[in-house]
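Me: I would like a close look at a single part of this protein, namely one sheet together with whatever packs against it. Please take me through it in one connected account.

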Amino acid sequence: MKVGRPLEPVENKQMPEDSGQGHTAGQPYGQGGPAGQEYSRQGSEQSTSDVPKAKAPGRVNPLRVILRIVLIIFVLNLLRVFFVGLGANPNHSKGKMNRFFGKGNWEVTDVESRKSTVKTYQPDLDYFSTNDYDYETYTVWTVFYTDPWGDECETEFDSRESVPKELLDVYLHTAKKRMEHDYVSQVYSQEDIDDRRFDFSRINPWKNDHSFIYYWRLLRQSWFTLQDADYLKLYTFDPNYYYEVKTNFDHGPAMGASKEDVEGMKQKAEKLSELLCEYLGDKATFEIYFSIADEAIPMLNFDVTEEDLKNYETYIAYCNGKEVPAHTDLIYYIKYGKEKRK
């Protein structure tokens, strides 16, 4: 039988002061005397001070919000002025003018100050009225230039618009002329155009939605120049545009027109649609409308019947290279991209 070593008395060792536990005889560790209590209190205070205090939700300062909004608006206006320009003074935008028209191909020939009455909304009457005593003063610059066909032209720059907006109008006018020169002239004679039997106009249903970012992008297109003005290039950039062709017999041109003249104008409208489809391809977006105006019927040299009015009325419309049903709102197709309207 083995005999173990006798038990040695356990020495009452005091815990070190930095142990965080004070102790006195007869009490468990951690519940000791004043030293332990003081250390526990200090430790708890240090531990709570290290934890970041959560901020109580406070009220939003309205002045700070307003200042931020004003600052954002100010920065956006600075960007607009820097990238696009302010006002329509062509003398202050020589770089843009030279790039668009060509250096030496434009000059300001006249500067005029004008006044226009301001239309104010009358809520009680639900319409806009013109007050002769309320007017605004604006400046108009007349710009002279030569187009790609050597014709001398003039256009007005209005201080109520921006330079890029005015340049876009010149571009559209020149693109229309290019269409007439290259394609329409194959169908319609100059007499048809001069007699207002033919009218070719471009339409942008959302023309007021153009922001300074739109114009900034437009100014950086290599084809946005007077010499390269082309409807197809613009439509590829912005498909909201389309052309509207009206070949009506109205009061003036109908004087003495025969039945053969009316039939010929209808055939020209159909021929023009073929040329435009060939030129524009899958981007073909236009509408052609031909009819006999009511006030023109007495001016014709033949008796017009209800059947004639029905047979001669012609409506041809294309959207993105596809023909749409007759008497359909073409803007609907452009906006929603529909091929069929139910």
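**The open sheet and the helices around it**

Reply: In strand β6, the residue that serves as bridge partner of Tyr-243 is Phe-286. This pairing, like everything that follows, is read from a predicted model. Phe-286 also stands opposite Tyr-318 in β7, and these two pairings of Phe-286 give a starting point for following the strands on either side of β6.

Strand β6, which covers residues 286-290, is joined by five bridges to β7, residues 314-319, and the two run antiparallel. Between β5 and β6 there are four bridges, and here the strands run parallel. As a general matter, the strands of a sheet pair through backbone hydrogen bonds, in either a parallel or an antiparallel manner. The sheet as a whole is open and is formed by five strands in the order β4-β5-β6-β7-β8, with mixed pairing. Its edges are β4 (199-203) and β8 (322-323), each of which pairs on one side only. As for β6, four of its five residues are buried, so that the strand is mostly covered.

Two helices that pack on this sheet can be described next. Helix α8, residues 259-280, touches β5, β6 and β7, and its direction makes about 175° with that of β6. Helix α4 packs on the sheet as well, touching β4 and β5 (242-246), with a direction that makes about 140° with that of β4.

One residue shows the contact between α4 and the sheet in detail. Lys-176 has its place in helix α4, and, when residues up to four places away in sequence are not counted, Lys-176 touches Phe-200 and Tyr-243. The second of these, Tyr-243, is the residue whose bridge partner in β6 is Phe-286. Lys-176 and Phe-200 are 24 residues apart along the chain, and their C-alpha atoms are separated by 7.5 Å. Because its relative accessibility is 23%, Lys-176 counts as partly exposed.

Helix α4 also has helical neighbours. The axes of α4 (residues 163-182) and helix α6 (residues 212-219) come within 10 Å and cross at roughly 55°, and the two helices are therefore oblique to each other. The crossing of α4 and α6 is left-handed. On the α4 side the contact is made by Pro-164, Lys-165, Leu-167 and Leu-168, and on the α6 side by Tyr-215, Leu-218 and Leu-219. Sorted by class, the residues of this contact between α4 and α6 comprise six nonpolar, no polar and one charged.

With helix α3 (residues 94-101), the axis of α4 comes within 11 Å and the crossing is at roughly 10°, which makes α3 roughly parallel to α4. Here Lys-96, Met-97, Phe-100 and Phe-101 of α3 meet Val-163, Leu-167, Val-170 and Tyr-171 of α4. The contact of α3 with α4 has seven nonpolar residues, no polar ones and one charged. Leu-167 of α4 thus appears both in the contact with α6 and in the contact with α3.

Returning to the sheet, two loop residues deserve mention. Ser-291 lies in the loop between β6 and α9 (306-312). With a relative accessibility of 11%, Ser-291 counts as buried, because the cut-off for that class is under 20%. Leaving out residues up to four places away in sequence, Ser-291 touches Thr-247, Asn-248, Phe-249 and Glu-313. Asn-320, for its part, is found in the loop between β7 and β8. Its relative accessibility is 39%, so Asn-320 counts as partly exposed. The phi of Asn-320 is near 55°, a positive value in a residue other than glycine, and in general most residues other than glycine have a negative phi.

To place this part within the whole, the protein chain contains 10 helices and eight strands. Buried residues make up 34% of its 342 residues. Among contacts in the chain between residues at least 6 apart in sequence, 63% join residues at least 24 apart.

Technical notes. Residues are numbered from 1 along each chain as its sequence is written. This is a predicted model: local features need pLDDT of at least 70, side-chain atom pairs count only at pLDDT 80 or more; totals for chains, interfaces and linings use all residues. Side-chain values use heavy atoms; hydrogens and water are left out. Axes are lines fitted to C-alpha atoms, for helices over the stretch in contact, and angles run from 0 to 180 degrees between N-to-C directions. Angles under 35 degrees count as roughly parallel, over 145 as roughly antiparallel, 65 to 115 as roughly perpendicular and the rest as oblique. A crossing is left-handed if the near helix is turned anticlockwise from the far one by less than a right angle, and right-handed if clockwise. Contact means heavy atoms within 4.5 Å. Ala, Val, Leu, Ile, Met, Phe, Trp, Tyr, Cys and Pro count as nonpolar, Asp, Glu, Lys and Arg as charged, and the others, Gly among them, as polar. Two strands pair if DSSP finds at least two bridges between them. Buried means under 20% relative accessible area, exposed over 50%, partly exposed in between (1.4 Å probe, protein chains only).
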